[in-house]
Amino acid sequence: MKVRAIIGALCAAGMVVGTAQAAEQVEVLHWWTSGGEAKAVGVLKSDLDKQGYQWKDYAVAGGGGAAAMTALKTQVISGNPPSAAQIKGPLIQDWAQQDVLVPIDSAATDWDKNLPPAIDKIIKYQGKTVAAPFSVHRVNWLWINKAALDKAGAQPPKTWPEFFALADKFKADGLIPVAAGGQPWQDLTLWEDVVLSQGNDFYKKAIVDLDQKTLTSAQMVQVFDTVRKITTYFDKGHAGRDWNLATSMVIQGKAGMQFMGDWAKGEFANASKVPGKDYVCSAAPGTATGYTFNVDSFVFFKEKGQSAATPGQLALAKTIMTPEFQEQFSLYKGSIPVRLGVPMDKFDDCAKASYADEQTAIKGGGYVPSLAHGMAQGDAVAGAITDVVTKFMNSDEDSKTAVAELAKAAKTK
C-alpha cells in the first residue's frame, strides 16, 4: 500500500493527530544497475532523501531497458504505475499520448533556456514538459588503443580511406583491427555511424525523416558497401560478444579499434586507463561535425488518478536538472551533462571533447538522435531497420538488395 493510502486509512480511523505527516514515497523504475550507473543513481537517491522523500528503488536489469519496459507496461496496465520511470526518445510521446503522465512544468521553469533545442522538444508533449533529462551520451565515437596507434605511426582516422589504411596496419602488426560484438544493437550502432559519415543532412533525411529517395540512393548503397568492408576486419569470434568484452580487447591491446558510444569510457576508467595516454577517443571517420545523441529521461506517472504531479515527483524532476546533480551524475556515468553551461573542469579530456563537439553540432545542424539507441524512431521502425542491417552484416547479401529492404522497413507501421 502506498504511503498516501496508509495516511488516508489512518485519518479515517482517527489515528493521525496534529500536523505530523509521513514522508512521500517515490517509486522509481530504471535499468541502471551496474558500476558507475549504480553510483550515479545513488547520488539522486541521496539528494531526494535529504529533501525528506523516501526513494523506493525499482531496478530492472538487462536488455538495455527492454526488461524494464516490459515491467513498466505490466505496472501501468494493473493500475499501479511507479512515480517515475526511465524512458527515452519517441517512447516519451507514446506514453504521453496514453494520458498516463503528469506535467512537471512548475519544476521546469528555466529548462528551455538550458537544454539543447532538440532535447527540449523530446521531453515535451502538447507544449507541456513531461520528462526530466539526465545526461547526454555521444554514440559516434571510435576508440583506439594508443600504443597500437603509435606503433603504426598513424593518427586517428578522419576519413574511411585513412581508417582502412590504419586497419591494415593493425592487421600487419598482428592485432584484430576492429573489436566488435555481433549483437543487433551493436550492428546498428556501427551502421548509423557510417550513415552519419555521409553528411548530417543525409543522416537526418534517412534516419529521422525516413525519406524514401535518400534511403534508396546510390549513397545509401555506398553506406552498405563501407559497412561490408569494415566487417572484414572483425575476428571470427565476434558473434554474440558483449560490447564491454570488445572494449576490453582494445584495452588489452588485442584489438586496435572499436565503434561504441562513450559509455565505453567507463571500461577504460575501470582499467585505470587515461585518455590521450592509453587510449584515444575520436569521432568516427567522416563524422567530426556530427553528434548522434542518446539521452535518458524520467517520465512521471499519474498516481491514483491524480492529474497533477506530487511534491515528491516535482522534487525529483527539479533535482535532476540542477547543475550540481548534472555534474556528479555524468562524472559517474561517463556521459556529459544535458544541461548546458555546467562547468566541465572536473571531466576528462574525452568528456571535454564531447561537450565541445556537442556545441559545434548544435550550432551547425549536426546534433541528431541515435536510431540504434531509441532516440530517432519508435520500436516498430527501429526494429525493422535493425533486422535489415543485422541480416546484411551476417550474410553475403549484396548492398543493393539491402537498400531495397531498408526502404521497405522504413514503411513499417
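With 413 residues, a compact globule would be expected to have a radius of gyration near 22 Å, and the chain, at 23 Å, agrees with that expectation. The structure is a predicted model, and along its principal axes the C-alpha trace spans about 80 × 45 × 40 Å. The secondary structure comes to 18 helices and 13 strands, and 54% of the 413 residues count as buried. Among contacts between residues at least 6 apart in sequence, 75% join residues at least 24 apart.

**The four-stranded sheet**

One open sheet has four strands in the order E8-E9-E7-E10, with mixed pairing. Strand E8 (176–178) and strand E10 (279–283) stand at its edges, each with a single partner strand, so one side of each is left without a neighbour in the sheet. From one strand to the next, the twist averages 20°. Strands of a sheet pair through backbone hydrogen bonds, in either the parallel or the antiparallel sense. Two of the pairings in this sheet involve strand E7, and they are set side by side here.

| Strand pair | Sense | Bridges |
|---|---|---|
| E7 (residues 141–145) and E9 (residues 255–259) | antiparallel | three bridges |
| E7 and E10 | antiparallel | five bridges |

Within the pairing of E7 with E9, the bridge partner of Ile-144 is Met-257 in E9, while on the side of E10 it is Cys-281 that stands opposite Trp-143.

Does the edge strand E10 lie buried or exposed? Five of the five residues of E10 are buried, so the strand is largely enclosed by the rest of the structure. In a regular strand the side chains alternate between the two faces of the sheet. Both faces of E10 are covered, with Tyr-279, Cys-281 and Ala-283 buried on one side and Val-280 and Ser-282 buried on the other.

**An enclosed helix**

Helix H8 (residues 184–196) has 13 residues and reaches 18 Å from its first C-alpha to its last, close to the 18 Å expected at 1.5 Å a residue. Eleven of these 13 residues are buried, so H8 too is largely enclosed by the rest of the structure. The buried residues of H8 include Leu-188, Leu-190, Trp-191, Val-194, Val-195 and Leu-196, and also Gln-186, Asp-187, Glu-192 and Asp-193.

**Nonpolar cores**

The largest nonpolar core has 64 residues, of which Leu-72, Trp-111, Phe-293, Phe-298, Phe-300, Phe-301 and Leu-316 touch the most other members. Strand E11 (residues 291–300) gives the largest share of this core, namely six residues. Apart from this core lies another, of 56 residues, among them Leu-149, Ala-152, Ala-402 and Leu-406. Leaving aside neighbours within four places in sequence, Phe-293 is in contact with residues including Ala-118, Ile-119, Ile-122, Val-136, His-137, Tyr-367, Val-368 and Met-375.

**Two less buried positions**

Gly-153 is found in the loop between helix H6 (146–151) and helix H7 (160–172), and at 61% relative accessibility, which is over the 50% cut-off, Gly-153 counts as exposed. Gly-153 and Lys-169 are 16 residues apart in sequence, and their C-alpha atoms are 9.2 Å apart in space. Gln-328, which lies in helix H15 (residues 323–333), has a relative accessible area of 27% and is partly exposed. Although Gln-328 and Lys-39 are 289 residues apart in sequence, they are 9.7 Å apart in space, C-alpha to C-alpha.

Terms used: Residues numbered from 1 in each chain as written. Predicted model: local features only at pLDDT ≥ 70, side-chain atom pairs only at ≥ 80, totals over all residues. Heavy atoms only, no water. Pairing = 2+ DSSP bridges. Axes fitted to C-alpha atoms, helices over the stretch in contact; angles between N-to-C directions. Expected span 1.5 Å × (residues − 1). Buried < 20%, exposed > 50% of the residue type's maximum accessible area, 1.4 Å probe, protein only. Core = buried A, V, L, I, M, F, W, Y, C linked by side-chain atoms within 4.5 Å. Contact = heavy atoms within 4.5 Å. Rg over C-alpha atoms; globule rule 2.2 N^0.38 Å.
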